[in-house]
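Reader: I would like to go through the salt bridges of this model with you, pair by pair, and ask how each one sits relative to the solvent.

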Amino acid sequence: MHENRANTVFCCIIIMNLPTSLIKFELESFEQRFKTAVEGKTPLLNSILRYIVKRKGKQLRPMFVFLAAKLFGPPTEATYRAASLVEILHTATLVHDDVVDDSIERRGFFSVYALWKNKASVLVGDYLLAKGLMLSLENQDYRILHILTDAVKKMSEGELLQLEKARSLNLREDIYYEIIRNKTASLLASACSAGAWSASENDGYAEQMRLFGEKTGIAFQIKDDLFDYASEDVGKPTGNDIKEKKMTLPLIYTLNNTDSSTKRRVINIVKNNNNDKKKVAWVLDVVKSSGGIDYATEKMYAYKKEAIEILMQCPDNEYRKGLQDLVDYVTERKY
């Protein structure tokens, strides 16, 4: 018990310190380059883009790009373009996701979809995708473009597979991993791969970092799954995934490891009563008591372990430690 408490305290210390000091100059330069990269030529477009840029997230993916690059050598101009392309593609997918999910909120603020509705949101997402592609093509970053467009393809496939499976609520665990490997992990994997390639132009390093990013991305998504359930370790429960009929790992485990009567009731609530707070709360309790939270947490740490094992095969320098700190952040964050 004492050891677990010590680990919890240690993890809390880790998540407060993202390794930004190692890439301070790169992040500051990136900030300006990114703003320039997404500038438009019409007032409405620029108003929406300014709104998006002002409410950007932690920019974890550009951090992975720069640290993956510096792990193997000095950053190049291609590294900055790779970071911009990653963030542009990520932003475009978020804008489109809000339309698909009918979401009025993003990062605590109104979403683009809520303020400018469907048509503008879809067009701005398309514009960002086009700007990202042009950024790479104009500078002949063909290898980096190939790495990142493959991620966009996989993200779309993952979303469509999830949409298909949500109708039946009968999701095997291996299909779940296929969904999140494509939907979430592919972009992080590509960010790490593009970063490594931009500094080394070495296919072996790029593939090694792709695998590292994929394992980290899967752990990242499982952590997101856990946020939907009540635990002192994973934050306040919301039941949002249940309301959206998303089959996450804790729920999949529960349905596969409970009696048939409970399984039928859980499925009925998720399908037909997912807006009933009391019934959703009952499902959350069933997931907890069945071991779904513990199982998902165990799997998350297994993927984290695999990611770190891959990372430990890379050059031993401060940037490797920085990437390890980022992996710790991904799995120990509180929101």
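What follows is a short exchange on salt bridges in this predicted model.

Reader: How many salt bridges does the structure hold?

Author: The count rests on a distance criterion, a side-chain nitrogen of Lys or Arg lying within 4 Å of a carboxyl oxygen of Asp or Glu. In this predicted model, the number of salt bridges is 19.

Reader: Which residue forms a salt bridge with Arg181 at 3.6 Å, and is that residue buried or exposed?

Author: Arg181 lies in helix H8 (residues 173-200), and its partner lies in helix H9 (residues 203-226), 33 residues apart, so that the pair links distant parts of the chain. Arg181 itself, at 29% relative accessibility, counts as partly exposed. The partner has a relative accessible area of 13%, and because buried means under 20%, the residue asked for, Glu214, is buried.

Reader: Which residues are linked with Arg181 and Glu214 in a network of salt bridges?

Author: The pair of Arg181 and Glu214 belongs to a network of salt bridges. The other members of that network are Glu207 and Arg210.

Reader: What is the N to O distance in the salt bridge between Lys305 and Glu309?

Author: Both residues lie in helix H14 (residues 292-311), four residues apart, which is about one turn of the helix. Lys305 is exposed at 53%, whereas Glu309 counts as partly exposed at 40%. Their side chains meet with an N to O distance of 2.6 Å.

Reader: In the salt bridge of Asp316 and Arg320, which residue is buried?

Author: The two side chains meet at 3.3 Å, N to O. Asp316 counts as exposed at 66% relative accessibility, whereas a relative accessible area of 12% belongs to the buried residue, Arg320.

Notes. Residues numbered from 1 in each chain as written. Predicted model: local features only at pLDDT ≥ 70, side-chain atom pairs only at ≥ 80, totals over all residues. Heavy atoms only, no water. Helix = DSSP H or I, 4+ residues; strand = E, 2+ residues; numbered from the N terminus. Buried < 20%, exposed > 50% of the residue type's maximum accessible area, 1.4 Å probe, protein only.
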